[in-house]
Each structure stands twice: as structure tokens, then as C-alpha cells.
Amino acid sequence: MRVAEIVMGVVMGIFSLYLMWKSAELPIGWIPEEGPGGGAWPFWLAAAMLLCCIAIVIRGIKRLTPESRSEELYMDKRTFRVFMLNAGGLTVMIGLFHIVGAYGAIPLFLIFYLRFMGRHSWRLTGAFALVTPIVTFLFFEIALQKTLPKGYTDPWFEPIFAFFY
Amino acid sequence: METLALLLNGFAIAFQPLNLALIIGGCAIGLFIGAMPGLGSVNGVAILLPMTFLVPPTGAIIFLGAIYYGAMYGGAISSIMLGIPGASTAVATTFDGRPMALQGKADKALVAAATASFVGGSVGVVLFTLFAPPLAEIALTFGAPEIFALMLMAFATFVGLGGDDIPKTLFSICIGLVFGAVGLDIISGEPRLIFGGIPGFFHGINFLVLAIGIYGIAEMLWTIEISKGEVMISQATVNFRRIMDTLRELLGTWRMMMMGSFLGYFVGILPAAGATPGSLMAYGVAKTASNNPETYGKGNINGVVAPESANNAASTGAMLPMLTLGIPGSPTTAILLGGMVIWGLEPGPLVFTDHPDFVWGFIASLYVANTFSLLINIAFIPAFIWVLKMPFTILAPIIFILCIVGGFVPTLDMHDVWLMLIFGIVGYLMRKLDYPMAPAVLAIVLGPLAEPALRQSLLISSGSFLIFFTRPFAAVIMALAFILLILPLVKIAFEKYKNPTQAG
Amino acid sequence: MRKFGNKLLSLGLTLGLGLGFTVASADSAKAWEPKKPVEFVIMAGKGGGADKAVRFIQTIIAKNKLSSKPFTPVNKPGGSGAEALVHVKNAKDPDHTIMFTLNSFYTTPLLQPGLGIDIKTFTPVGRMAEDTFLLWVHKDSGITTVDQFVKAAKAKGNGWIMAGTGKNSEDNILTDFLNQAYGLNMKYVPYKGGGRVAKELAGKNADSTVNNPSEQLGFYQAGKTIPIGAFTPKRLPLFPDAPTFKELGKDFVYFMQRTVVGAPGMKKEAAAYYQGLFKKIFDSTEWQGYMKKKSLQGDFLTGDALMSYWLREKEVQKAILIKMGAIK
């Protein structure tokens with residue numbers, strides 16, 4: 001926990017510096033007769049972020065926060081495994097949106113989650129994997145007319161649209 | 001008296017069978033759209049706008065008004081049930097609504113939200129009926145300095161919202177403000193913080209991307225870790241008696257409801273402000289004025305009542321400048337305004353005299369829509385509770401999918417979905433270290449309103465800050481903002497003085 | 001319930017058949033029609049003039065059943081339209097992607113050359129209208145002519161506030177013109193969107209604006225604001241008392257185009273379809289009524305005529321921006 005606290009402070013401090021550097025692409029000073037320049041607002045706020053990070057790190061080192069006193073592991077093995085499975089599953093699903101589209105990725109994610117993480121029966125898994133994309137399609141594409149990404153499955157939807165309109 | 005006659009005539013129009021059916025249908029549709037994370041009243045109204053040419057203009061605006069109302073009620077549902085605010089107006093509702101749901105009081109929170117919405121909406125409509133034209137004149141004179149002062153006041157009301165760790169709270173506010181600055185700087189016309197010209201950053205970082213990332217993905221990951229896969233919510237039951245009990249308890253919160261309603265309404269009238277600052281300010285005021293502010297954020301029913309009454313009153317308030325001045329107070333009213341033009345009505349001061357049936361039919365329909373939204377909402381509460389009882393391994397993937405689709409739909413851009421995932425994962429890692437996240441979400445909403453107003457004011461005044469104190473409205477709001485800022489500090493100092501032993 | 005079942009069944013059938021035959025039926029001899037919802041990109045945010053126009057067009061299409069597939073508006077306001085231009089340029093399916101453009105169609109690629117946008121590559125579909133600009137002041141200022149305006153603005157120097165829609169936008173161009181032509185030193189304050197600008201004038205937080213008629217119409221009718229000059233070749237029928245700057249001896253005419261553009265690489269057949277569709281929309285009584293009420297000008301232009309109009313306008317904009325010092 002203690003290490004994580006300090007590492008997070010340092011990482012966010014570096015991120016603040018990066019934001020300051022990027023904001024400085026626009027004038028960050030006071031323009032006479034006009035007020036602050038275009039980069040001033042994000043620049044000085046990012047500077048304030050950096051100060052906060054420094055304070056967080058110092059407090060961490062001095063053991064002033066509960067987190068920096070905690071002897072607990074930031075992530076034990078089991079937490080890490082659960083985190084990787086969930087976050088990894090999400091990342092893969094979003095990646096699949098680009099390739100097999102929403103209507104390929106959603107059932108795959110549901111099968112992965114319900115069957116392999118939740119250990120539900122195949123029947124329940126199958127029902128959700130089938131019904132969710134259909135409901136999603138009817139609600140978003142037909143009722144709300146919002147097109148979801150379809151990746152390489154795009155041409156397959158032409159006859160479905162032909163049916164609905 | 002004349003107003004009353006016009007209003008009665010309006011009710012006659014609203015109760016025509018077609019219009020009544022449109023009100024009920026609109027409320028139900030709005031409720032569902034509002035309950036989806038990522039979809040709010042803007043989406044509902046924009047999407048259904050083309051459908052309205054099937055009915056006469058009065059029916060059309062009644063329908064869209066009902067959707068607007070329904071969606072405002074619905075926004076509270078995902079805030080309470082999933083902890084994900086469906087729209088920026090419902091952020092403040094998560095603060096206490098979510099803890100209540102986790103304590104097995106989801107039904108109570110939902111009833112409270114619906115009732116408060118009803119009160120807020122009703123107060124809003126009554127104020128609307130009585131004082132439309134003079135208030136519109138005041139709203140018109142609000143320029144950039146007044147809006148900045150108002151934003152400062154909104155910030156002042158929620159300084160106390162963060163955790164105990166001051167550097168972490170400040171960090172959270174600042175990062176939200178910086179993210180809010182991404183996109184185009186309208187004053188200089190230059191793109192800003194687009195990180196090497198990635199086109200997805202041109203439109204800035206949408207509030208919803210951060211909110212869904214943090215409240216959807218990060219909170220879900222956190223809940224999964226804590227719950228170890230078990231069901232988190234203690235089994236809530238819902239029955240008639242519990243609802244009646246809740247209603248009785250709500251009688252005790254009438255002062256909060258009134259405060260929220262009036263505050264929300266007046267903030268809602270102001271162009272460019274809208275319902276979000278109104279609901280945040282109501283929450284902030286409720287907490288500041290409370291005798292035991294430490295119970296807020298832990299499931300205090302007042303914390304649900306104040307913002308919900310405010311955001312519904314504000315959404316009525318936002319219709320006032322739209323109808324009387326042709327100025328939208330919120331994105332949703334901007335689209336309603338577009339609709340009026342499509343139907344061949346020119347909004348403006350003349351609309352009241354030229355099309356009285358339209359205006360008063362619409363106002364009367366708001367009273368009716370308000371009532372039906374309440375009834376439909378309460379009728380559906382058992383269904384929402386049932387959803388919560390599903391095993392977590394089913395609920396979690398469904399919520400994840402809702403988050404991703406909800407993050408995609410507003411801009412139809414996969415860039416936003418990836419950004420949301422990053423916010424979610426980083427947000428989770430920071431959450432574990434007790435970084436408060438709510439301030440960042442609020443800052444990303446208010447920052448893009450505050451910064452241009454500040455710079456426009458300084459442009460007008462050639463760089464002099466006096467402009468905020470020489471204009472009467474701006475000066476009054478500024479003074480209020482400073483009082484609100486100092487009040488919690490005074491309170492702390494006073495308590496320390498009273499109980500010196502507890503200090504430190 | 002049975003009907004629903006039948007629908008499901010036939011959906012299943014079409015789905016099954018469709019999967020097998022999509023490739024075969026893609027290039028049938030029939031006239032081209034959209035095969036799925038058409039993405040209608042808007043270069044501006046929700047609630048603005050362009051957005052309203054697109055949603056109006058959407059209702060005309062739906063009401064008169066002009067297309068078998070819906071047109072779905074998508075707002076891409078980022079970076080003064082830069083986001084929309086890049087999106088349409090890289091459209092995955094150019095046959096189903098069209099865009100509603102403003103003058104930022106010319107100016108944004110000029111101001112941000114890094115985007116790599118060449119408007120010659122876009123497919124011309126149809127010019128729906130040209131919006132006009134007028135110079136507005138508040139009625140209580142007592143100003144009724146450009147001469148009085150110049151006198152008052154000179155007296156206030158840089159304390160005279162001109163509200164507009166953004167740096168280097170159309171409003172900025174017009175403000176610079178007025179400053180140069182009359183030797184003024186007005187201060188330009190950018191706001192988000194023309195509606196907000198109009199409101200700042202009506203609320204007396206600005207001294208003058210150069211709004212489109214549609215943005216000021218409500219305040220004008222309410223007797224809050226008045227137009228004192230028009231940036232058009234002829235006086236507008238809606239505002240016969242506002243002389244053109246041409247009459248006043250300053251030869252300056254400026255329009256805002258409202259044009260539908262197809263994605264680069266759109267098939268010929270698809271382009272022909274959209275050109276025909278938007279001609280029908282332009283001729284519809286609804287659109288004609290809309291143009292009249294909003295004081296919009298211009299005839300329908302399409303094909304090569306539209307392309308040469310673009311290239312001509314682009315040169316005009318370029319010259320103006322160079323004069324302003326916004327680009328080299």
C-alpha cells in the first residue's frame with residue numbers, strides 16, 4: 001500500500017508535468033487588455049496538480065496518510081487475478097468491437113463472463129448471449145437510430161435493415 | 001386571474017385524448033431512456049424529434065416535454081441502482097442514493113427521488129405559470145461576469161464534498177478542470193491539449209466519458225474486488241407499506257425539497273447554466289446547512305431529495321428562456337427550440353400572445369406529465385428492485401456492456417470508449433488509494449462553463465477583475481459565493497472552539 | 001403475438017438468405033439506394049443553425065418518404081469542424097456518409113493545414129442555401145444607421161464590444177472588415193454559438209453583433225434589436241430598411257454556405273442518388289418555406305457547378321484570411 005501510494009503520486013506528478021508541457025503550446029501568461037492566454041487555465045491547474053502530487057508523496061513518505069501506514073498489500077494475488085480478468089476481458093471486448101463489431105463482441109464477452117467467470121449453466125449463458133445483442137439492436141439501431149460499430153460484419157446487416165425499413 | 005383562465009384552457013387541451021396519450025407515452029419512453037447510463041433527456045428529445053411531425057405542434061411539444069420530464073426522473077434510477085449517473089444532472093443523486101441502495105434501501109431512495117422530482121417539477125411549473133415574463137427579462141441581462149460568479153458559487157457549495165485528504169481532493173478537482181479544457185479554446189480559436197492531433201480529442205473530453213469510466217467501470221471493479229463475487233446489496237423488499245412509510249418520512253424533508261426547488265428553478269432559468277449546477281448547488285447547500293453534515297454521502301435521504309427536486313425544477317426553469325426569449329438554457333431545450341422552428345412557431349416574447357393554445361397547453365401538460373412520471377416511476381420500482389437481485393456475475397457483464405454502449409452512443413466514436421476504459425482502470429487504481437473521484441466529475445462539468453465566462457469577462461473589462469464587483473447581480477452572487485466558501489471553515493473553527501478536546 | 005412471431009420468422013429467413021446472397025446481390029442493375037441508415041454528419045453542435053437545418057431535412061425525408069433508409073444525424077463539432085472533416089475523409093463506408101457543411105468547410109483546412117484535407121476530393125451533393133449576415137445593434141442604443149454606428153463605435157474605441165462566434169469565424173471576418181473599412185477599433189469577444197451571441201446583444205452585454213437573420217429574428221420581432229446594414233448584394237425582403245454595405249459604398253458581400261457534401265470516394269451511382277434526393281428536398285414546399293422564413297438565399301447547385309463554386313469560394317476565403325493575418 002505504502003509503495004503504491006508513493007508510486008501513484010510520482011506517476012500522477014509526471015502526468016501533470018506532461019499536461020503542463022502540452023498546455024504551454026498556447027500562451028500561458030497574462031495578455032495585457034485581454035486577460036489570461038489560451039493555455040493559462042490548463043497550465044496553472046496542471047501546476048496545482050503537480051503541487052498536490054508533491055504533497056501526496058511527502059505525506060506518503062512521512063506516513064501521514066492511512067494508506068502509507070497500511071501494511072496490507074496493494075493487490076494480493078487473488079485481487080490481481082480478478083482485476084486482470086475483468087479489465088482484460090473489457091479491453092479484449094472493446095478491441096473486438098473494431099473487428100467483429102458490437103454484435104460479435106457482446107455475445108463473446110457474455111459467454112466469457114457468465115460461463116467462465118460466473119460458472120452459470122450453458123443454457124443461461126446461451127440465453128443471455130442471444131437475447132442481449134437482439135435487444136441492443138432493436139433498442140439502439142431500430143428505435144433510437146444510433147448505429148453501433150460492426151467491423152467486418154457490416155455487410156451482413158444490410159438484409160436486416162432492408163427488413164426493418 | 002387571466003393567467004388562471006388561460007391555464008384552465010391549457011388543461012382542457014392537455015386532457016384531450018391524443019395529448020393525454022402522448023403525455024403518458026412520452027413519460028414512459030423518457031423514463032427508460034433516462035435510466036440508461038449514457039442516455040439522457042438530450043438524446044431522448046433529439047432522437048424522437050422527427051417522429052413528432054405526425055401530430056399537431058401542440059401535441060408534438062407536449063410529447064417532447066413529457067419525454068424531457070420522464071428522462072429527468074429516469075436519470076435518478078441509474079444513479080441509485082447502478083451508481084452511474086445517466087446524465088450530468090443526476091451526478092449529485094449518486095452521492096447519497098447509491099449508499100442507500102447498498103444499505104438495502106433502494107426502494108426508499110427511488111421513492112424519495114421520484115417524490116422530490118415531483119415536488120421540484122411542480123414548484124417549477126407554478127413559478128413558471130406565475131412569473132414567466134419578468135423572470136425572462138432578468139435572465140436576459142445575465143452576461144459572462146454573472147455566469148462566472150454563478151459557477152464560482154457552484155464550486156463553493158461543494159468544497160466540502162471531497163474526502164478528508166485535502167491534497168487528493170484538490171488533485172481531483174484540478175484534473176477534472178484540466179480535462180474539461182481539452183478541445184478547442186473558443187477565445188483564441190486554437191486547438192488545445194489534443195495530444196498530438198488525435199481527432200477524437202477535438203470535441204473535448206465528454207463529461208459522460210469520465211463519469212461512466214469512474215462510476216461505471218472503476219466502481220464495478222472496486223465492487224467486484226470487495227464483494228469477492230458475492231451479492232453486494234442486502235435484499236431489499238418493496239411493498240405498499242414500505243412506500244407509505246417512506247412517504248411519511250419524506251414529509252420531514254419538505255424544507256429541503258422547497259430549498260432545492262427554488263434554487264434549482266432560478267439557476268435553471270439562467271441561460272447557459274442549466275440543471276447540473278442547480279442540482280449540485282442544492283446538494284452543497286443541503287449539506288452546509290445541515291446539523292450533521294457527516295451523514296451526507298453515507299445514505300442521508302436529504303442528499304437525494306435536494307438535488308432531485310432541484311434538477312427537475314431547473315429543467316422547467318430552462319424552458320422559460322426558451323419559450324420567452326428563444327434562448328435555450330440547456331442542450332435539451334436547444335433541441336426543443338429547433339423543434340418549435342420546424343413546426344413553424346417562432347419562439348420569443350410574441351409566442352405567448354400569438355400562440356396561447358400552444359404555450360398554455362404545453363404548460364398545463366407539464367403539470368400532467370409530472371404526475372404521470374411519478375406514478376409510472378413508482379409502479380416500476382419493483383421491477384428495478386428485481387434487477388438488483390440478480391447474481392452479480394450476471395449483473396456485472398450487463399452493466400459493463402451498458403457502459404460501453406452508453407459511452408459510444410453520444411458521439412458515435414470508439415475513441416471515447418477507449419478513453420472511458422482508461423479512466424475506468426486508472427480510476428480504480430486511484431480509488432484503492434482513497435482518491436475522491438466525485439470532485440473530478442463535477443469539475444469537468446463546470447470547468448468548460450466557468451473558464452470561457454471568466455475570459456470573456458476579462459476581455460470585456462480589458463483585464464480588470466473589478467467587472468465581477470461593479471455589476472449588481474455579479475457582485476451579489478460573488479458575495480454569496482465567498483460566504484459559502486467561508487461558512488464551512490467558520491463552522492469547523494466554531495466546533496473546535498466548542499470542543500477543544502476533540503480537535504486534531 | 002402471432003404477427004410478431006411471423007415477423008421474427010421472416011427476419012430469420014431474410015437474415016439467413018441475406019448472409020448467403022449479400023455478395024451476389026450487391027451490384028444489381030437497379031438504381032442505387034442506401035442499404036443501411038445513412039450517417040449525416042454535422043460540422044456543428046446540437047441546437048445550432050446547421051443542426052436545426054439537418055433535423056429539419058431529416059423530417060422532410062421521413063414525412064415525404066423520400067428514402068427507404070433513415071438518415072441519422074451525428075454532431076461532430078470539435079475543432080471548428082476539423083473533427084467532422086477528418087471523420088468524413090476517413091469514412092469507412094463513403095457511400096453511406098454525407099455531411100452538412102458551413103464556411104468552416106473552407107476555412108478550417110486553411111487554418112489547420114496539418115489535417116491534410118483537400119476539399120476537391122469530397123463529392124459535391126447539393127447546395128441547399130446561403131445564409132446571410134446583417135449588422136445588429138440594440139434598439140435602446142438609438143442607432144438606426146451605419147453612420148451613427150460608426151460615430152458611436154469610434155467614440156468608445158476599444159470599449160465597444162462586438163460579440164461573435166469564435167476566433168477566425170465568419171463573425172470575426174466581418175468584424176475585421178468593419179474595423180478596417182471604417183477605421184474602428186471594436187473589441188471582438190467570442191461566445192459559443194450564434195444563439196448565445198444574439199442573446200448577449202439583446203441583454204446589452206454587447207454593443208453590436210453580425211448575426212444571421214434566424215438567430216436575431218425573435219429579438220427583432222420583440223423590438224429589442226434592429227439590423228442596420230446587410231452584407232448581401234441586395235436588400236433582404238424581411239428587412240427592407242437595412243441598406244446593403246454595397247449601397248453605402250463598401251463593396252463587401254459575405255455569405256454562409258449550407259451545403260451537403262459526400263465523403264471522398266463515394267460511388268458515382270451513390271452520388272447521383274444523393275444529388276437527386278437533395279434536389280427533391282430543396283424543391284419541397286417545406287424547405288422553400290423554411291428558406292423564406294429564415295431569409296435564406298441561393299439556388300440549388302450540384303455536380304460540377306457546385307465544385308467550381310467551392311473552389312471559387314475557397315479562394316475568396318483564403319484572400320480574406322490572408323488579409324486578416326490569420327494565415328500566410
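Visitor: What makes the phi of G223(C), the residue that follows α8(C), worth a remark?

Guide: In this predicted model, the phi of G223(C) has a positive sign, with a value near 75°. G223(C) comes after helix α8(C), which covers residues 213-221 of chain C.

Visitor: Why is α8(C) called mostly covered?

Guide: A residue counts as buried if 20 or more other C-beta atoms lie within 10 Å of its own. Of the nine residues of α8(C), eight are buried, and the helix is therefore described as mostly covered. Among them are P213(C), L217(C) and F219(C), together with the charged-class residue E215(C).

Visitor: Which strands does α8(C) lie across, and how do you know its direction relative to β9(C)?

Guide: Helix α8(C) lies across β5 (134-138) and β9 of chain C. Its direction runs at about 140° to that of β9(C). Angles of this kind run from 0 to 180 degrees between N-to-C directions, so this value is past a right angle.

Visitor: What makes β7 and β9 of chain C edge strands?

Guide: Both belong to an open sheet of five strands, in the order β7-β6-β8-β5-β9, with mixed pairing. Strands β7 (187-190) and β9 (225-230) of chain C each pair on one side only, which is what the name edge strand expresses.

Visitor: How do you know that β6 and β8 of chain C count as a pair?

Guide: Two strands pair if at least two bridges are found between them. Strand β6 (residues 161-164) and strand β8 (residues 208-209) of chain C have two bridges, so the condition is met, and the sense is parallel. Within this pair, M162(C) stands opposite S208(C).

Visitor: What is the strand order of the sheet that contains β10(C), and why is its pairing called mixed?

Guide: The order is β2-β1-β3-β10-β4 in chain C; the sheet is open, has five strands and is mixed in its pairing. Strands β1 (residues 38-42) and β3 (residues 97-101) of chain C are parallel, over four bridges. By contrast, β3(C) and β10(C) run antiparallel, joined by four bridges. Strands β4(C) and β10(C) are likewise antiparallel, over eight bridges.

Visitor: Why does one side of β2 and of β4 in chain C lack a neighbour in the sheet?

Guide: Strands β2 (71-75) and β4 (123-132) of chain C stand at the edges with a single partner strand each, so one side of each is left without a neighbour in the sheet. Between neighbouring strands of this sheet the average turn is 20°, direction ignored.

Visitor: Which helix packs on this sheet, and which strands does it touch?

Guide: Helix α9 (residues 268-283) of chain C packs there, touching β3, β4 and β10 (255-262) of chain C. The direction of α9(C) makes about 25° with that of β4(C).

Visitor: Which residues stand opposite F100(C), of strand β3(C)?

Guide: I42(C) stands opposite F100(C), and F100(C) also stands opposite V260(C) in β10(C). In another pairing of β10(C), T132(C) stands opposite F255(C).

Visitor: Is β10(C) mostly covered or mostly exposed, and how do you know?

Guide: Seven of the eight residues of β10(C) are buried, and the strand is mostly covered.

Visitor: Where do the domains of chain C lie, and how many residues of each take part in their contact?

Guide: The domain assignment gives domain 1 as 37-131 + 255-324 and domain 2 as 134-230. Their centres, taken over C-alpha atoms, are separated by 27 Å. Twelve residues of domain 1 and eleven residues of domain 2 make the contact. On the side of domain 1, α4 (104-111) and α11 (303-324) of chain C each supply at least two residues. That side holds four nonpolar, six polar and two charged residues.

Visitor: How do you know whether chain A is spread out or compact?

Guide: Chain A consists of seven helices and two strands. The globule rule gives 15 Å for 165 residues, whereas the radius of gyration of chain A is 24 Å, so the chain is more spread out than a compact globule. Its C-alpha trace spans about 60 × 55 × 25 Å along the principal axes, and 36% of its residues count as buried.

Visitor: How many residues do chains A and B give to their contact, and of which classes are those of chain B?

Guide: Chain A gives 55 residues and chain B gives 46. The side of chain B has 32 nonpolar, four polar and ten charged residues.

Note on methods:
Residues numbered from 1 in each chain as written. Chains lettered and ligands numbered in written order. Predicted model: local features only at pLDDT ≥ 70, side-chain atom pairs only at ≥ 80, totals over all residues. Rg over C-alpha atoms; globule rule 2.2 N^0.38 Å. Buried ≥ 20, exposed ≤ 12 C-beta atoms within 10 Å, placed from the backbone. Contact = placed C-beta atoms within 7 Å. Domains from an automatic or database assignment.
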